[in-house]
Amino acid sequence: MKQIRADLHIHSLLSPCGSLEMTPREIIARARARGLDMIAVSDHNSTLHCELTVALGKKAGITVLRAAEVTSAEDVHSLVILPDGAARASFQQWIDSRSAHIPHNPDIFGDQVVIDENENIIMEIKHFLTAALNASIDEVEASAHRHGGLFIPAHIDRPSMSITSQLGFIPEDLYIDAVEVVGRTAELLYPVIRNSDAHIPEHIGRRYTEYMLDHPSFEELAMALRGENGRHIITAAS
Amino acid sequence: MKVTDIVEKLNLKVFSGHEGLGREISGGYASDLLSDVMGHADAGAVWITIQTHRNVMAIASLRDLAAVIITCGEKPGEDTMTQSNEEAIPVLGTDLPTFELAGRLHSIIS
């Protein structure tokens, strides 16, 4: 068992609000420089940069998890972390089936591009990625778990786009694997993690969480959130 | 003025909470952030929102609101309606957007 440092909320340049410097290559380089063992790429309502980042991470010795920051109908942001490539592809199809297809204006909100390993643009997403899906938070949670994933309401202590700002309090019948916080919080009923929510390279690793794991992986993380087999959250540092 | 009066005047659909149609109305509040309503809506207010999550009823009950009006043709879920019946706080509906509905409600209750 060892201490694993992880930042599981990082936006690539695919997110409209993500800086164009946030290429998968740059994300991996920064993660390495910041001493992170494990990261997750979590773009708004998209997983399309996950596979490239996973591949680049493998070469650099950084474990990359596949994720998305999903906006549900209530304008609540939640992280969904997926177990493998097949689950990611299937979850992406589910997201696409629930998209509101609101046309995107890059001049106002920023570019939404997918790039390849040579940093050439291979796709431009035409609908506004950050817009709420036609799916309630209950449906997002159910879909995350149907895909074997983890459901983590994001930045719950922020005054906007969080489960607490939109819904007043956390509905107790939602199955929540952990909650992500930005600041300091009193003890919560859920496992608490911190992540950077980086949109620019300098922010990668500005907040992270240390876990006690056998090795960095999705399965090990899931065990740590449940406190199983000696795996656990050590600290949620900011 | 009672909830039943605004149902009639604004041609609202009554989804649930029929037992509460006799509640007195003291004013209105329009917001889609439940954290905001929880902190600011006054007792007896009619709350206008597009949120349909079941937490709406918990907040309505907490603030002792007269009724909830869901705009833009959105429909509450089963669990929201069940709680509305239990609390006897009506959930009403309209196809109008919030701005239009709020304007009409304001003119009849002020």
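Trainee: What kind of unit do β3(B), α3(B) and β4(B) make?

Mentor: In this predicted model, the three elements form a right-handed β-α-β unit. The hand is assigned because, with the strands pointing away from the viewer, the path from the first strand over the helix to the second runs clockwise.

Trainee: How do you know that β3(B) and β4(B) are paired, and in which sense do they run?

Mentor: Four bridges join β3(B) to β4(B), residues 67–70 of chain B, and the two strands run parallel. Pairing requires at least two bridges, so four suffice. Among the facing residues, Ile48(B) stands opposite Ile69(B), and Trp47(B) has Val68(B) as its bridge partner.

Trainee: What does β3(B) pair with besides β4(B), and over how many bridges does β2(B) join it?

Mentor: β2(B), residues 27–30, pairs with β3(B) in the parallel sense over four bridges. Gly27(B) is found opposite Ala45(B). The helix α2(B) completes a right-handed β-α-β unit with β2(B) and β3(B).

Trainee: How many bridges join β4(B) to β5(B)?

Mentor: Three bridges join β4(B) to β5(B), residues 91–93, and these strands also run parallel. Ile70(B) stands opposite Gly93(B) there. The chain passes from β4(B) through helix α4(B), residues 78–87, to β5(B) in a right-handed β-α-β crossover.

Trainee: Why is β3(B) called largely enclosed?

Mentor: A residue counts as buried when 20 or more other C-beta atoms lie within 10 Å of its own. Five of the five residues of β3(B), residues 45–49, are buried, so the strand is largely enclosed by the rest of the structure. Ala45(B), Trp47(B) and Thr49(B) point one way, while Val46(B) and Ile48(B) point the other way. That arrangement follows a general rule: in a regular strand the side chains alternate between the two faces of the sheet.

Trainee: What makes both faces of β4(B) count as covered?

Mentor: On one side of β4(B), Ala67(B) and Ile69(B) are buried, and on the other side Val68(B) and Ile70(B) are buried as well.

Trainee: How does the radius of gyration of chain B stand against that of a compact globule?

Mentor: For 110 residues, a compact globule would have a radius of gyration near 13 Å, and chain B has 12 Å, which agrees. Along the principal axes, the C-alpha atoms of chain B fill a box of roughly 30 × 25 × 25 Å. Buried residues amount to 42% of the 110 residues. Among contacts with a separation of 6 or more, 51% join residues 24 or more positions apart.

Trainee: Which pattern does chain B follow along the sequence?

Mentor: The pattern is α-β-β-α-β-α-β-α-β-α, comprising five helices and five strands.

Trainee: What makes up the side of chain B that touches chain A, and how many residues are in contact?

Mentor: Nine residues of chain B are in contact with nine residues of chain A. α2(B), residues 34–40, and α3(B), residues 55–62, are the elements that give two or more residues to this side of chain B. The largest share, three residues, comes from α2(B). By class, the contacting residues of chain B are four nonpolar, four polar and one charged.

Trainee: Why is Asp64(B) called partly exposed?

Mentor: Asp64(B) has 14 other C-beta atoms within 10 Å. A residue is exposed at 12 or fewer and buried at 20 or more, so a count of 14 makes Asp64(B) partly exposed. Asp64(B) lies in the loop between α3 and β4 of chain B. Its phi is near 55°, a positive value in a residue other than glycine.

Trainee: Is Asn229(A) buried or exposed?

Mentor: Asn229(A) has 12 other C-beta atoms within 10 Å and is exposed, since the cut-off for that class is 12 or fewer. Asn229(A) has a positive phi of about 50° although it is not a glycine. The residue lies in the loop between α7 (218–226) and β11 (232–237) of chain A.

Trainee: How do you know that the buried residues of α7(A) line one face?

Mentor: Those residues are Phe218(A), Glu220(A), Leu221(A), Ala224(A) and Leu225(A). Seen down the axis of α7(A), they fall within an arc of 160°, so they line one face of the helix. In general, an α-helix has 3.6 residues a turn, so residues three or four places apart point the same way. Just after α7(A), Gly227(A) takes a positive phi of about 70°.

Technical notes
Residues numbered from 1 in each chain as written. Chains lettered and ligands numbered in written order. Predicted model: local features only at pLDDT ≥ 70, side-chain atom pairs only at ≥ 80, totals over all residues. Contact = placed C-beta atoms within 7 Å. Nonpolar A, V, L, I, M, F, W, Y, C, P; charged D, E, K, R; others polar. Arc of directions from axis to C-beta. Rg over C-alpha atoms; globule rule 2.2 N^0.38 Å.
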